[in-house]
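Subject: Structure handover

Hello,

Here is the structure I said I would pass on. My notes on it follow below.

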Amino acid sequence: MRHPLCFTVLAGALCLTTATARATLLDAAVAQFDQNVRNYNLISFGNASFTSYGDTEGGLAIAGNLSLDGGAIAAQPGKFGLTNDPTLYLGGSLSVNNTAYLQSGYAAINSVANPGWSWSAIDNRLTNGGSTFSTINTPNPLGDIDPRLNAGPSGWSFASLQSSFLGISQTLAGATANGSISISGQTLNLAANNPAATGVIVFDLDANLLSGSSYNGQYFSNVQFSVPTGSAYVVNVRNAAGRTLFGSGVNFNSGSGYEHLLWNVVDATADSAEDVRFGNGGQFFGAILAPTFNVFNDLNTAVNGQVVAGSYTHSGAELHFTGFDYSYEVPEPATYGALGAAACCALALLRRRRAQAGAKRC
């Protein structure tokens, strides 16, 4: 006869181990996103374009070409916090309509891709025909240097960074949802299944069910999250290709906590980039992880968050900085000790019962 305590303890140990492994994996993935994105408002692995937009509050890291329709970059250093990284890092060519300004930090621009620009150390500006990119407003000493001579961010590789973001996206996409989506009183509610849960709360949002201002055939005008304080919450947006989140007239309820929100747009590969749009004619909140998608803001929507995209097109509104924030807490050693002790206890009991059963057979 096998002792039932063996299976009870072993099952408990395995369940605790599985739950801890899941939590640790998700926490690590979210924390890695937080680390990778640094203090940039936008990281684009392709081109980026800004038209009729005003300003970007944070900095830009663009692997491809950058097109600016006037405006200012890194306009709110008090929001994103200046570091040693350039506030504009450009791997491709720069195109400016009229004049664009760097308001803080410094720029590092690919010299090979931008031979047609001329630098004036007197005016702190690059000019190319009727186009001007000026660093006169930034107090950073590197703003006094031709941006084509400045070094990029320390330890930066767009290729390895995109690979890392893809891994993060896939890890999050593979997580089992522990939050639910429903509509009540014209509000799209995203709520944790357990209000006392800790760690990462995961939601699955099927973009096929979105049509304008309706979800699964039900109209909504507000988006509201109900998650434990301090938890990160990830929305895995599936079937997002060609879709818009969320449509005209849909507003986020006022409140706080959006610095912990991450929209993970899945189902596209680097070999088959698709379009996804974020727009409601007002404000869109939360960080966006879409490393293989062509991302657009829509309906002159101001995006409030850090954006990671395959390419990015922005028009008609400012790009606002809301820094993603999640601190990954490594499980206490006592947790692993308890799991190990439980597993050892179970294995010892199993061995003892098997030895006793063998002795009886002899």
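Which exposed residues does the face of α3 turned away from its buried side carry? They are Ala159 and Gln170. Please keep in mind that this is a predicted model.

Some background on the chain. It has 362 residues, of which 47% are buried. Its secondary structure amounts to four helices and 29 strands. Of the contacts between residues at least 6 apart in sequence, 62% link residues at least 24 apart. The exposed area of the chain is about 15,800 Å², with 51% of it supplied by carbon and sulfur atoms.

Back to the helix. α3 runs over residues 158-173, which is 16 residues. From first C-alpha to last it reaches 22 Å, close to the 22 Å expected at 1.5 Å a residue. The buried residues in α3 are Phe158, Leu161, Phe165, Ile168, Ser169, Leu172 and Ala173. These lie on the same side of α3 because they cover an arc of only 130 degrees around the axis.

One residue that meets this helix is Asn264, which touches Ser169, Leu172 and Ala173, among others. Asn264 belongs to strand β23, residues 261-265. Its relative accessibility is 0%, so Asn264 counts as buried, the cut-off being under 20%. Other residues that Asn264 touches include Val234, Val235, Val237 and Leu289. Asn236 is also one of the residues touched by Asn264, and the side chains of Asn264 and Asn236 make a polar contact at 2.9 Å.

Regards

Notes. Residues are numbered from 1 along each chain as its sequence is written. This is a predicted model: local features need pLDDT of at least 70, side-chain atom pairs count only at pLDDT 80 or more; totals for chains, interfaces and linings use all residues. Side-chain values use heavy atoms; hydrogens and water are left out. Helices (H or I, at least four residues) and strands (E, at least two) are DSSP runs, numbered from the N terminus. The expected span of a helix is 1.5 Å times one less than its number of residues. Buried means under 20% relative accessible area, exposed over 50%, partly exposed in between (1.4 Å probe, protein chains only). The arc is that of the directions from the helix axis to the C-beta atoms. A polar contact is a pair of N or O atoms within 3.5 Å; within protein, one must be able to donate a hydrogen and the other to accept it, and residues adjacent in sequence count only if both atoms are side-chain atoms. Contact means heavy atoms within 4.5 Å. Accessible areas come from the Shrake-Rupley method with a 1.4 Å probe; for residues, only the protein chains shown count as cover. Lists of a residue's contacts leave out its neighbours within four places in sequence.
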